[in-house]
Amino acid sequence: MAAIGLERICKSFGGTRVLRDVTLAIRDGEFLTLVGPSGCGKSTLLRIIAGLERQDSGSVTIGQRRVDGVRPSERGVAMVFQSYALYPHLTVARNIATPLEMQRLTLLERLPLLRLLSPRRRRIMRGIMAEVEAVAAALQLEGLLGRKPAELSGGQRQRVALGRAMVRRPDAFLMDEPLSNLDAKLRVHMRGELADLHRRLGATFVYVTHDQTEAMTMSDRVALMLEGRIEQLGTPAELYDAPRTLAVASFIGSPPIACIPVRLEHEALVAAGTRLALRAIPDAAILGLRAEAVTPVRHGTPGALPARLSRAENLGAEWLLYATLEGPAPTPVVCRLTAAAHDAARDAGLLGERLWLLPDPARALLFDAEGRRLVAEPLRTRIGATA
Amino acid sequence: MAAIGLERICKSFGGTRVLRDVTLAIRDGEFLTLVGPSGCGKSTLLRIIAGLERQDSGSVTIGQRRVDGVRPSERGVAMVFQSYALYPHLTVARNIATPLEMQRLTLLERLPLLRLLSPRRRRIMRGIMAEVEAVAAALQLEGLLGRKPAELSGGQRQRVALGRAMVRRPDAFLMDEPLSNLDAKLRVHMRGELADLHRRLGATFVYVTHDQTEAMTMSDRVALMLEGRIEQLGTPAELYDAPRTLAVASFIGSPPIACIPVRLEHEALVAAGTRLALRAIPDAAILGLRAEAVTPVRHGTPGALPARLSRAENLGAEWLLYATLEGPAPTPVVCRLTAAAHDAARDAGLLGERLWLLPDPARALLFDAEGRRLVAEPLRTRIGATA
Amino acid sequence: MLGRIVALVVLGLGGAVMLLPFVWMVLTSFRPAAAVFEGFGASAFIGFENYARALTTAPLLRFMLNGVIVCAGILVVQLAVAIPAAYALAKLPFRGRGLLFGLVLAALCIPIQVPALPLYLGLAHTGLLDTYFAMMFPFFLSVFAIFLFRQFFKSFPDEIIQAARLDGVGEFEIVWRFVVPAALPAIAAFSIFSIVAHWNDLYWPLIVITETRLAPPPLGMLYFRDAETGSNYGALMAGATIITAPLVLAFLVARRRFIEGITMTGLK
Amino acid sequence: MSLALAAPAPVEPFALRIGHAFAAPAALLLALIYIVPVSVLIWLSLTDYILGAVDIRFLGLDNFSRALADPVFRRSITNTFAYVAIVLPGGVLLGLGAALLVHRRIRSRSLWEVIYFLPVTSTLIAMATVWQFLLHPRLGPVREITLALGLGEVAFLSDPALVLPTLAAIGIWQLVGFNMILFLAGLSAIPRDLYEAAALDGASGGIDRFFRVTWPQLGPTTMFVTVTTSITAFKVFDTVRVLTEGGPAGASEVLLYVIYLEGFQYFRIGYAAALTLIFLAFILAFSILQAAALDRRIHY
Amino acid sequence: QAPVTLDVLYCFPSFARFHEPVAKLFMDANPGIRIAFRAPAPSYDEGHQTVMRQALTNQLPDVFYSGFHLLPELARTLARRGQIIELDALLAAEGDTFRRENYSDRILALGRVDGRLYGLAFNASNPILYYNIDLVRRAGGNPDALPTSWDAVIALAGRINTPAEGINGIAYDVHGWPDGWLFEAMITQAGGSLLTPDESAVGFDNEIGLAALRTFRRFVTEGGMQLIDWNQSRQQFGAGKIGIYAASPANLAQITGLVGDKFTLRTHVFPITDQEKGRIPTGGNAAVILAREEAKQRAAWTFLKFVTGPEAQKVVVEMTGYLPTNLRAVGEQFLGPWYRANPNALTAVRQADRAGPWGGYPGGNNVRIWRAQRDVITLVMRGELTPEAGLARIVAETNALMRSG
Ligand SMILES: Nc1ncnc2c1ncn2[C@@H]1O[C@H](COP(=O)(O)OP(=O)(O)OP(=O)(O)O)[C@@H](O)[C@H]1O
Ligand SMILES: Nc1ncnc2c1ncn2[C@@H]1O[C@H](COP(=O)(O)OP(=O)(O)OP(=O)(O)O)[C@@H](O)[C@H]1O
Ligand SMILES: [Mg+2]
Ligand SMILES: [Mg+2]
C-alpha cells in the first residue's frame with residue numbers, strides 16, 4: 001500500500017506540451033480516477049507514474065520513495081491496459097505467472113529449453129502456480145487457467161489482466177481505460193467488480209477513463225484533467241454539485257448542463273427576457289442548469305423560462321425533455337423527469353408544445369464570463385424534495 | 001416511401017439457424033428498431049432486406065414489390081453501416097456522389113481516363129454535384145466536401161455516410177448500429193439528429209442496435225429479437241412497461257430488472273420469507289422489480305423486503321443502490337433514487353447497511369415458471385395495442 | 001549506450017558483407033583489364049571506358065528495353081489475373097473455391113523448373129517460341145500474388161463492398177474502384193517481388209529465346225562472360241552495374257509502400 | 001398466406017455468379033501452367049523418353065527405382081539437404097537479427113534497409129565473377145581475414161568440404177535482406193503495450209523481451225519466412241551452375257542441377273521427369289511439415 | 001537470284017566481336033545473302049542443347065558452329081533425322097586444287113564423323129603453356145630455353161612456387177575444365193588414345209593413362225599447383241602469382257590484357273612425351289549446315305567457305321589468338337605481319353603439325369563421361385585416391401557409360 005505523489009510534472013512530445021505542471025497527491029488506499037476528454041494527457045500521466053514514460057521535469061514518489069529513474073517493474077505498481085496486453089501465446093496461468101517468474105527465476109531459468117534443465121525452477125514454479133491459482137480463484141478464473149487469451153471473452157480477458165496485476169501484490173494498481181473494450185452491460189458489471197476488488201485489496205487505485213459515469217461511480221476522488229492540467233480534484237459529488245469552472249460542469253453530467261446567458265438587471269438575474277427567481281450574484285454571466293435542476297411548471301409561474309419542446313425521450317424509468325429556450329438566442333435545455341413525475345406533469349397538461357421551465361434555486365450554478373463558478377455562500381445542505 | 005414486409009424469413013449459416021421464421025410488417029414512414037443481444041440475427045435480417053444476403057426461404061416486399069432476387073441497388077433502400085463504410089480514397093463529395101454516378105453515368109463514362117472525353121459526363125456530374133451540395137447542406141457538411149474520410153471526426157463520418165444514403169432519396173433507410181462507433185456524448189447528440197432526420201424525410205427507417213437506450217428513445221416501434229426470433233414488437237413504452245416475457249424484461253432496462261423467486265402461500269405472494277403487498281396471481285413464480293419499482297422504507301413497513309446494501313453509485317442526478325435480498329437465496333436488487341430522494345432517504349436514516357425495500361405494486365411484474373408474464377386485470381388494457 | 005554501439009558495429013559489419021561484392025563490382029567497372037584483380041586499394045582508373053564498351057559490345061539498352069517489356073507484361077497480366085482471383089477467393093462465395101485455393105497453395109511450392117519442359121514443348125508446338133509471349137507466359141499466373149492479395153483482401157472491410165453494391169457499383173468496378181486503391185501497398189510489395197525475380201531471370205529466356213533482339217538483360221551479361229576466351233571483366237562489371245541500377249532505384253522508390261504492403265497483407 | 005408465397009424463389013445473387021467469372025482466368029492459367037505440364041511430366045516419368053527419340057517405351061516405375069539407386073542422385077539429395085540445413089536457419093535467423101537491429105534505428109533505418117536489400121537485386125552472372133575473386137584463396141580480400149584468423153589460405157569454392165557451406169553462405173547473402181524486410185514488417189505490427197506490459201512484469205532485459213514478446217508475436221512471419229526460405233533453398237541451382245558446376249568431385253551437385261543435367265544435358269527426359277517428381281514430393285512434404293510444425297505456435 | 005537470309009547460331013556471346021565483322025565482310029562480298037545471327041548460346045554445351053531441342057521442334061538454324069567434342073553426337077543424332085547436310089560432295093564439287101590450297105587434311109579431319117564430313121573447322125586451338133617470365137627468371141630458369149618435357153616443367157614450377165609470397169608454380173586445371181580437352185591432351189601427347197582401335201573400350205587403360213594421372217598429382221605435390229577454380233587460376237596468373245599456366249591460345253588476348261605491363265608474358269609449346277606419336281587435341285568449333293531448303297543450303301555452303309577462308313580467319317585470329325583453320329591465312333598477305341608483331345601467338349602455329357582431332361566417346365554420353373572422369377581426377381589430384389585406383393575407376397566408369405549410352 002502506498003501513497004503516490006506527483007510534483008510539478010511536465011511532459012512534451014515534440015513541440016506539444018502534453019502535461020503542464022501537474023501536481024497531485026494520491027492517498028494511500030484511495031481509488032482515484034483521472035478523467036478528461038481524449039488527448040488531455042491522462043494516459044501519459046499514468047505512464048509516467050508507471051515508469052513507462054519519463055517526465056521532462058518534476059518528480060514522482062511512490063510510498064516514501066522517489067522513483068524517478070527506477071525501472072517500471074521495481075516501482076511496486078501494476079498496470080492494466082485498455083487492450084489487456086495479454087501474452088497471446090501463453091496460457092492464462094502462465095500469463096498471470098509471468099511477473100512472478102521474472103522476480104523469482106534467474107535469467108537462465110527463464111530461457112527456452114535451457115530452463116528445462118533446472119530442478120530449482122520446477123520447485124519455484126510450483127510455488128508460483130499455487131499463488132496463481134489463489135489469484136485465479138479470487139477472480140473466478142479457475143476453469144480457464146489452461147486456455148489461451150484468444151479463447152476467452154472480453155470480460156474474461158479483462159479479469160486475466162487484473163490477475164496478472166494482482167499476483168504481484170503491488171502497492172498501487174494503475175488502470176488505463178480497462179473497461180472501454182467491453183460492451184455496455186459487461187462494463188456495468190465489471191465496474192462493480194473493480195470497486196469490490198478495491199475494497200478487498202485495500203491498495204491504491206489510479207484509474208484512467210474518459211467515461212464520466214465510470215469516474216463518478218467508482219472513485220473516492222476524481223481528478224478532472226483538461227489540456228494537460230488538473231482542472232479540479234474532489235469527490236464525485238463535489239465535481240457534480242460544486243464544479244469549480246464551467247468546463248468541469250460541462251464535462252461532468254449527462255445530458256450536458258445547459259448554459260444560459262444571464263444579465264444582471266436591477267439586482268435581479270434576467271435570462272431570455274425573464275426575471276429569474278434566483279439570488280443574484282455580481283459578475284454572473286452564465287447560468288448552468290442540469291437536467292434535474294429544472295421542472296416544467298404552469299404558465300405564469302414566476303421565474304419560469306418559456307421554452308419550446310423539441311423532443312421527448314422515454315428511457316423507461318425516466319424521461320428526458322429536450323427543449324429550446326425562447327428568446328433572442330435560442331438555448332437548448334434538457335429537463336429530466338422520473339417516469340412518475342412525467343406522467344404527473346403530462347396529466348397536469350404541462351407538457352405541451354410550449355412549456356415553462358422553472359430552475360431549482362438550490363441546484364442552479366452561476367458562472368462569470370471567464371467560466372469561474374460564483375458562490376454566494378457555502379453550499380448549503382439540501383432540503384428534501386418530494387420523491 | 002414504402003412499407004416493408006418480411007414473410008417467414010429463414011436463414012442458416014452452415015448448420016446454425018440464424019433466423020427462424022421471421023415475419024414482420026414495417027409501416028410506411030415508420031422508425032422501427034431491431035434490438036437484441038449480440039448474435040441474435042439483427043444484422044442478418046437487415047442485410048436480407050437490403051439484398052446483400054439471400055434468405056433460405058420466405059420473401060421480402062418493399063412497397064408493393066416483391067424484391068427477392070432484385071439487386072441491392074435496385075431495391076430503393078439505402079443503408080448506413082456501423083463502420084460507415086466510406087470509400088477511403090474518395091473525397092466527401094465523391095463519396096456522397098457515388099450512388100448517383102452509378103445511376104446516371106454509363107460504364108464508359110465511369111472508366112478512368114476515358115471518362116474525361118465525355119462532355120455529357122461533365123454535364124451530368126454538374127447536376128450530381130448540385131444535389132450533393134444540397135444534401136451536404138442539410139447535414140452541415142458544406143465545409144468538408146473536399147476532405148477525405150480519414151480527415152474527419154467520427155461524427156462527421158457518420159454524417160457523410162448518412163449523406164450518401166440520403167442522396168439517392170430511398171424509400172427506406174436501413175441502419176446497422178450507426179452510432180456504436182461514436183463516443184457516449186456524440187452518441188446522445190446524433191440520436192437527436194437521426195430522430196430529427198426521420199421526421200424531416202418522412203421515410204421508413206429500419207434501425208438495428210443492441211443498445212436499448214437507442215432503441216427506446218428513437219423508435220416508433222421496437223422489435224426485440226432473441227435467437228433469431230422476434231420476441232416482442234411494440235412501442236418502447238410497451239416493451240418497458242408490459243414485456244411479454246421475462247427475457248424481454250431482462251433485456252430492456254438498465255440496470256437490469258431484479259428477478260426474485262416468489263411462492264404463493266395462502267393466496268399471498270411470499271418472497272424471501274416476506275409476505276408481499278402485491279395482488280397474487282396463480283402460477284406466479286418470479287417477481288420482476290425494476291430499479292425504480294422499489295423504494296427504501298422504514299423497518300417494519302408491511303411488504304418490505306429486507307436487504308443488505310452492497311454498493312451505492314452516485315451518478316450525479318441520481319443514485320443507484322445495489323443491495324442483496326436476505327434470505328435462503330440471496331438475490332441482487334437495485335434501487336434507483338433521484339438525488340433529492342436519496343438525500344431525503346439518507347436524512348431519514350433509511351440507508352444503513354441493512355435496508356428495507358418496498359416494491360411498487362403498480363410497477364411490479366410477475367412471471368410464471370416459463371418466463372411468461374402474468375397479467376392481472378388492470379394491466380390488460382395497456383398491452384392490448386400489441387396483440 | 002554500450003548496447004547501441006554494439007548494435008551499430010554488428011550492423012555495420014553485416015552491411016559491409018552485404019556491400020562488399022557491390023563495391024568491388026563498381027570499382028572494377030572503372031578499371032583497366034590489367035588492374036582488375038587488385039582488390040580494394042587505389043588503382044588505375046579509366047573513367048567510363050568500360051561502360052562505353054558494355055553499351056557498344058552488346059545492345060544493352062535494347063536488352064534493358066526487353067527487360068522492361070517482359071517485366072511490365074508479366075506484372076500487368078499477373079495483376080490482372082491475380083487480383084480478381086484473389087478477390088473472389090477472399091470475398092465471393094462460389095463453388096470450387098476451396099479446391100482452387102488448395103491448388104494455389106500447392107502451386108506455391110512448384111518452381112518453374114518443374115513444368116519447364118512440357119511448357120517448352122507446348123510453346124514450340126504452337127509456334128510461339130521466340131516471342132515476348134513465350135518469355136512471359138509461364139509467369140502470367142503468380143500463385144504468390146493470389147496468396148498475398150487474398151490475405152490482404154480478407155482484411156478489406158466487407159461493409160465497404162456491401163455499401164458499394166447498394167450504391168449500384170458492379171462487382172468488377174468495386175474491385176478496381178475501391179479494392180485496388182486500398183491494396184496499392186500490397187501491389188507495390190508484390191511488384192517488387194515480381195520485377196526482381198523476372199528482371200534477373202536467365203533460365204527461362206535461355207530456353208525459349210534464340211533471337212538477340214528479344215533477349216533480356218542478364219543475357220547481355222553473357223556477352224562479357226566467356227568461358228572460352230576469357231571474360232572481359234571490366235565490361236562485365238560495368239554491364240552488371242547498369243542492369244542492377246534500375247532494380248535498386250525501383251526498391252528505393254517503392255521501399256515505404258513495400259514494407260507497408262507486407263505489413264498490411266497480414267504476413268506479419 | 002399461401003404456400004406458394006412462402007416458397008423460396010430467390011435468384012442467385014449476382015455475387016455468386018461473378019465469383020466464377022473472377023476466378024476463371026486464374027483457373028485456366030493454373031491448368032495450363034501447372035496442372036497440364038505436371039500431368040505430362042507424370043506420364044513422361046513412366047517412360048524412357050529421350051529428347052529426339054522416335055519411339056517411346058513404357059517403363060512403369062523403373063525410373064523411380066533407378067533414381068533411388070543412383071549414387072549421383074542420392075548424393076545430390078544429401079547435398080541439397082545439407083545446403084537447406086545451412087541456408088534455412090542461417091537465412092531466417094540472420095534475417096531476424098538484422099531486422100531486430102535495423103528496427104531500432106530511427107534515422108538511419110532506410111539506409112540499412114537499402115544496404116541489406118541490395119543483394120536481392122544482384123545479377124547472378126556478374127556476381128559469380130565477383131565471388132570468384134572475393135573468395136580467391138590467393139588474391140581475394142577474404143584471404144586477409146582467413147589469414148588473420150589463423151586459418152591459412154582457404155579454397156572456399158574448390159575444397160569439397162567447404163564448397164557447399166560456401167554456396168550456402170552466398171545463398172544466405174542473397175536472402176537475408178529479403179527476410180529482413182519481411183521481419184521488419186512483422187516487427188512493426190507488434191503492439192507497443194505488450195512490451196510495456198512486459199516491462200512492468202519485470203521483463204525489461206532484451207533477452208526477456210525477445211522471448212516473452214517479440215519471438216512469439218513474430219509467429220506468422222516466421223512461418224512465412226521459413227517456408228519461403230526453405231523453398232528457395234531447395235531450388236538452389238543458379239549458383240551451382242554458374243560457380244561450381246557441381247564440383248569439385250560432385251561435392252556441390254544438388255537436386256535441381258542433377259535434374260538439369262539429366263534433362264537438358266543428357267536429354268533423358270523420362271528419367272529427369274521422375275527426378276523432378278521426387279524433387280516435388282520433397283518440397284511439398286517439407287512445406288507441409290513446416291506449416292504444421294509452425295502452425296502450433298501461432299496465436300492470432 | 002533472290003536474296004537469301006541465313007539463320008546462324010554460334011556459341012559464346014562474346015564471339016560476336018569477330019562473328020559480326022566476318023558476317024559484314026561476307027555480306028559485302030555476297031550481296032544476295034543476308035546473315036541473321038540468333039542469340040548466341042552461352043557455351044558449347046548450351047548451344048548443343050539448344051540445337052537438339054530445336055531439332056525436335058523444327059526450328060533449327062541454317063548454320064551452327066558446333067564444338068568439336070560435341071560434333072559427333074550432334075551429327076549422328078541429326079543425321080538420323082535427316083536434319084544435317086553432308087559436305088563431302090559440296091567440297092568435291094569445288095575441285096581438288098581449292099581443297100588443297102585452303103584446308104589441310106588434319107583440319108578437315110576435325111569436321112569428320114564416322115568418316116563423313118559434316119563440318120568445316122572454324123576456330124581451332126590446342127593447349128599451350130603461358131609463362132610468367134619474371135617468375136621464371138627469379139627461379140633461375142632460362143627464359144629462352146623453356147622446358148619441353150613435363151619433368152622439366154614440373155621442376156621449374158617447383159622452383160617458382162613460393163607459398164609465402166602467394167605464388168604458385170603451375171596451374172594445369174584439368175580438374176575443373178568444363179570438358180575433357182586438357183585430360184585428353186595429356187593422354188595423346190604421350191602417344192595414347194582415348195579409345196581402343198575398335199572404339200569398344202577406353203584406350204588409356206595402360207601406362208599412359210597411369211602416367212597422366214601421376215603427372216596431375218605431381219603438379220600438386222611437386223609443382224606447387226593449388227586446386228582452385230579454373231577461372232580463378234586465370235585471374236591469378238593474370239595477377240602475376242602463377243608461374244606456368246596451361247590454357248588455350250584463344251585466351252591470349254584476354255590474358256595479355258590482364259597482364260598489362262605487370263610482367264613479361266611468353267607462351268610456349270605444350271610438352272610432348274612421345275615425339276613420334278604424340279598428338280595434341282584440337283579444340284574449337286566447326287560450322288555445320290542444317291538448312292533444309294536447297295537455296296539456303298547453297299548459300300550456307302558459300303558462307304562456310306567464306307568463314308573458313310583467309311580474310312575471315314585473319315579477323316578471327318587477330319582478335320583471339322586461335323589457330324587459323326585456313327592454309328592461306330598464315331601467308332604474308334594475311335596474318336604474316338601480325339604474327340611477327342605477336343610472337344606469343346605463333347606458339348600455336350608452331351605446334352600445329354602435332355594437332356590431332358579432339359575425340360569423343362561413342363554413345364552420346366560425352367558430357368556425362370567427362371563429369372565422371374573429372375570427379376575422379378579431382379580426387380587423385382587431392383591425394384584422396386592413388387593414381388592406380390583412380391585409373392581403374394575412370395576406366396570402369398567410362399566403359400560402363402559408353403555402353404549404357
Ligand atoms: N509517444 C507519443 N508521441 C507523440 N505524441 C504523443 C505520444 N503519446 C501521446 N502523445 C500525444 O499526447 C497527447 C496526450 O496523449 P494521451 O494518450 O495522454 O491522452 P489521453 O488523455 O490518454 O487520451 P485518450 O482518452 O484518447 O486515451 C495527445 O495529443 C497525443 O497525441
Ligand atoms: N457470413 C456469415 N457466415 C457464418 N455465420 C454468420 C455470418 N454472418 C453472421 N453469422 C452468424 O450469424 C449469427 C447472427 O449474426 P448477426 O450479424 O446477424 O448478429 P447481430 O444480431 O447483428 O449481432 P451484433 O449485435 O453482434 O452485430 C451470429 O452467430 C454470426 O456468427
Ligand atoms: Mg489514453
Ligand atoms: Mg450486427
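A polar contact, as the term is used here, is a pair of N or O atoms within 3.5 Å, where within protein one atom must be able to donate a hydrogen and the other to accept it. In this predicted model, 8 residue pairs, both at pLDDT 80 or more, are in polar contact between chain D and chain A, and the count between chain C and chain D is likewise given as 8 such pairs. The points below take up the interface of chains D and A, then that of chains C and D, then chain C itself, and finally the surroundings of ligand 1.

**Chain D against chain A**

- On the side of chain D, 21 residues are in contact with 30 residues of chain A, and the area buried between the two chains is about 2200 Å², with carbon and sulfur atoms giving 59% of it.
- The interface of chain D and chain A holds 3 salt bridges, and one of the residue pairs joined in this way is Arg212(D) with Glu101(A), whose side chains meet at 2.9 Å, taken from N to O.
- Two helices of chain D, H9 (192–201) and H10 (206–217), each supply at least two residues of the side that touches chain A, and H9(D) gives the most, with 9 residues.
- Sorted by class, the side of chain D that touches chain A is made up of 11 nonpolar, 4 polar and 6 charged residues.

**Chain C against chain D**

- Among the 7 pairs of chains in contact, chains C and D share the most contacts, with 83 residues taken from chain C and 77 residues from chain D.
- Between chain C and chain D the buried area comes to about 7200 Å², and carbon and sulfur atoms give 83% of that area.
- Across this interface of chain C and chain D the rule finds 0 salt bridges, although 8 residue pairs, both at pLDDT 80 or more, are in polar contact.
- Helix H1 (residues 2–29) of chain C gives the most to the side of chain C that touches chain D, contributing 16 residues, and by class that side has 68 nonpolar, 8 polar and 7 charged residues.

**Chain C and the chain pairs without contact**

- Chain C has 13 helices and 0 strands, and its C-alpha atoms fill a box of roughly 70 × 65 × 30 Å when taken along the principal axes.
- No contact joins chain A and chain C, for which the closest C-alpha atoms lie 15 Å apart.
- Chain B and chain E are also joined by no contact, and their closest C-alpha atoms lie 40 Å apart.

**Ligand 1 and chain A**

- The residues around ligand 1 include Phe13(A), Val18(A), Glu177(A) and His210(A), together with Ser38(A), Gly39(A), Cys40(A), Gly41(A), Lys42(A), Ser43(A) and Thr44(A).
- By class, the shell around ligand 1 divides into 3 nonpolar, 6 polar and 2 charged residues, and helix H1 (residues 42–50) of chain A gives the most to this shell, with 3 residues.
- Two side chains place a polar atom by an oxygen atom of ligand 1, that of Ser38(A) at 2.5 Å and that of Lys42(A) at 2.8 Å, whereas Gly41(A) has a backbone N or O atom that lies 3.0 Å from an oxygen atom of ligand 1.
- Taken alone, ligand 1 exposes 630 Å², and the protein buries 59% of that area.

Definitions and conventions. Residues numbered from 1 in each chain as written. Chains lettered and ligands numbered in written order. Heavy atoms only, no water. Near = heavy atom within 4 Å. Areas by Shrake-Rupley, 256 points an atom, 1.4 Å probe, with all protein chains shown as cover. Helix = DSSP H or I, 4+ residues; strand = E, 2+ residues; numbered from the N terminus. Nonpolar A, V, L, I, M, F, W, Y, C, P; charged D, E, K, R; others polar. Contact = heavy atoms within 4.5 Å. Buried area = accessible area lost by both parts, 1.4 Å probe. Salt bridge = Lys/Arg side-chain N within 4 Å of Asp/Glu carboxyl O.
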